[in-house]
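The briefing below goes from the chain as a whole to some of its helices and single residues. Please read it with the sequence and the model side by side.

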Amino acid sequence: MNEQLIKEFTARFGAAPEAVSQAPGRLEILGNHTDYNQGFVLSCAVGLNTAFAARRIPGTVCTIRDFRDGSEKKFDLGQIDKAAKGDWSNYVKGMIVALRRRGFTIGAFEAGMRSTVPLSAGMSSSAAFETAAGFALRELFDVKLTNEEWALAGQEVENSYLGLKTGLLDQFSSIFGKKDSIILSDFRKIAVLRTVQLPAGYAVAVINSMKKHNLVDSEYNTRRADCESAAEILKGIYPEAQTLRDISLEQLTNAKSALGEREYRRALHVVGECTRVHQAVELLEKGDVAGFGKLWFDSHESSRVNFENSSPELDYLIELANSVPGALGARLSGGGFGGITIHLVKKDEADQYAQKVCAAYKLRTGINAEYYICELGDGACSEKIN
Ligand code: GLA
């Protein structure tokens, strides 16, 4: 993809780029809505990437071209303090603002991008974009940050520039992903604790419901508020606890009457997900793929009932995973309220399985679902090229 991008860049701007970068999309394997509760997540980077090429130019006006559709954005570095509504260059402008806050000076540049990460599907195309842009800018303007700091800068683009109170999972997975591996991250320590292998012969099939809930952003923020208010009440009972991450299932059960019914279910989801993440690591170590897959079904059920971040379409895809032979586990992945499901399947049956599920989904909903058999890929990288 980079070769093609360099050629396109050179044809459009009349000179070769000085740096190229790429950052992958990600999949949340288990650990739903745990990141902003300082909890644990199993995730991976996928083999689908956003590539970004750039070179410095004089002046203050930057140009960015998306070579997928030929659209182009221009902005003046003196006028990027606020995001512009519906403008895809916000991800780049937001990153420049985040880097300035960290004391770096970013000059004018022209840039081009290409991506194979599906948009708005739950594979974090936005984290891939802001990370790829940031990594190219680091080559051009000598930005020195650790990978953890890069992930936090990307999260700041979402939180402060775009107003979405998302956690750190997306940027973190896009940066720290390891080929053929699932990473176990701790979002209190902000660290990868270890990597585990997806058992040989198995693959993750991503099936996109093609439906996104309209209220997705506000629903996300209200779920986060529910978790925080549940944690506040639990702190009154267990003073050593800072967030839901510190609460065990037993403690939660004992404190049930102190919580509202909804807060209890929200907390049960997060505490249950953290528990499932640890169980999953143990099962993978023992090579128990069936046990690992069952946790995916349990996770989805908890999303449906406790966290209420599923949708009729997502539920139907999981119902199909239970009836079409081949899936050891399946669940919604990412924020929810629409978007994608992930299915644990044998590699050599993955295509056939996904086609069957998509055909049945079309019969019931009339929707043509897209699917991807995902490779687990490496995290983001960048290089100077001249
Ligand atoms: C979205 C957010 C992440 C995370 C997931 C749910 O993808 O961007 O930070 O909270 O939802 O686990």
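The expected span of a helix is taken here as 1.5 Å times one less than its number of residues. By that rule helix α9, which covers residues 289–307 and has 19 residues, is expected to span 27 Å, and the 26 Å from its first C-alpha to its last is close to that value. The model is a predicted one, and the points that follow are grouped by topic.

**The chain as a whole**

- The secondary structure of the protein chain comprises 11 helices and 13 strands.
- The radius of gyration of the protein chain is 21 Å, which agrees with the value near 21 Å that a compact globule of 386 residues would have.
- Measured out along the principal axes, the C-alpha trace of the protein chain spans about 65 × 50 × 40 Å.
- Of the 386 residues in the protein chain, 59% are buried, and among contacts between residues at least 6 apart in sequence, 72% join residues that are at least 24 apart.
- The protein chain exposes about 15,700 Å², of which carbon and sulfur atoms supply 49%.
- The protein chain carries 45 positive and 49 negative charges, and the mean positions of these two sets are 3 Å apart.

**Helices α3 and α9 and the residues that follow them**

- Helix α3, formed by residues 125–141, has 17 residues that should span 24 Å at 1.5 Å a residue, and its end C-alpha atoms are 24 Å apart, in agreement with that expectation.
- Helix α3 is mostly covered, since 17 of its 17 residues are buried.
- Aspartate 142 follows α3 and has a positive phi, near 55°, while glutamate 308, just after α9, takes a positive phi of about 50°.
- Most residues other than glycine have a negative phi.

**The loop between β1 and β2**

- Histidine 33 lies in the loop between β1 (19–30) and β2, and its phi is near 55°, a positive value in a residue other than glycine.
- Histidine 33 has a relative accessible area of 3%, and because buried means under 20%, this residue counts as buried.
- Glutamine 38 is placed in the loop between β1 and β2 as well, and its phi, near 60°, is likewise a positive value in a residue other than glycine.
- Glutamine 38 has a relative accessibility of 27% and therefore counts as partly exposed.

**Alanine 54 in strand β2**

- Alanine 54 belongs to strand β2, which runs over residues 40–56, and with 0% relative accessibility alanine 54 counts as buried.
- Leaving aside residues up to four places away in sequence, alanine 54 touches Phe9, Pro17, Glu18, Ala19, Glu110, Ala111 and Leu140.
- Between alanine 54 and lysine 189 there are 33 Å in space, C-alpha to C-alpha, and the two are 135 residues apart in sequence.

**Arginine 12 in helix α1**

- Arginine 12 has its place in helix α1 (residues 2–13), and its relative accessibility of 33% makes arginine 12 count as partly exposed.
- When residues up to four places away in sequence are not counted, arginine 12 touches Thr63, Arg65, Phe67 and Glu72.
- Arginine 12 and serine 257, which are 245 residues apart in sequence, lie 64 Å apart in space, C-alpha to C-alpha.

Conventions:
Residues are numbered from 1 along each chain as its sequence is written. This is a predicted model: local features need pLDDT of at least 70, side-chain atom pairs count only at pLDDT 80 or more; totals for chains, interfaces and linings use all residues. Side-chain values use heavy atoms; hydrogens and water are left out. Helices (H or I, at least four residues) and strands (E, at least two) are DSSP runs, numbered from the N terminus. The radius of gyration is taken over C-alpha atoms; the globule rule is 2.2 Å times the number of residues to the power 0.38. Buried means under 20% relative accessible area, exposed over 50%, partly exposed in between (1.4 Å probe, protein chains only). Contact means heavy atoms within 4.5 Å. Accessible areas come from the Shrake-Rupley method with a 1.4 Å probe; for residues, only the protein chains shown count as cover. Lys and Arg count as positive and Asp and Glu as negative; His and the chain ends are not counted. The place of a charge is taken as NZ of Lys, CZ of Arg, CG of Asp or CD of Glu.
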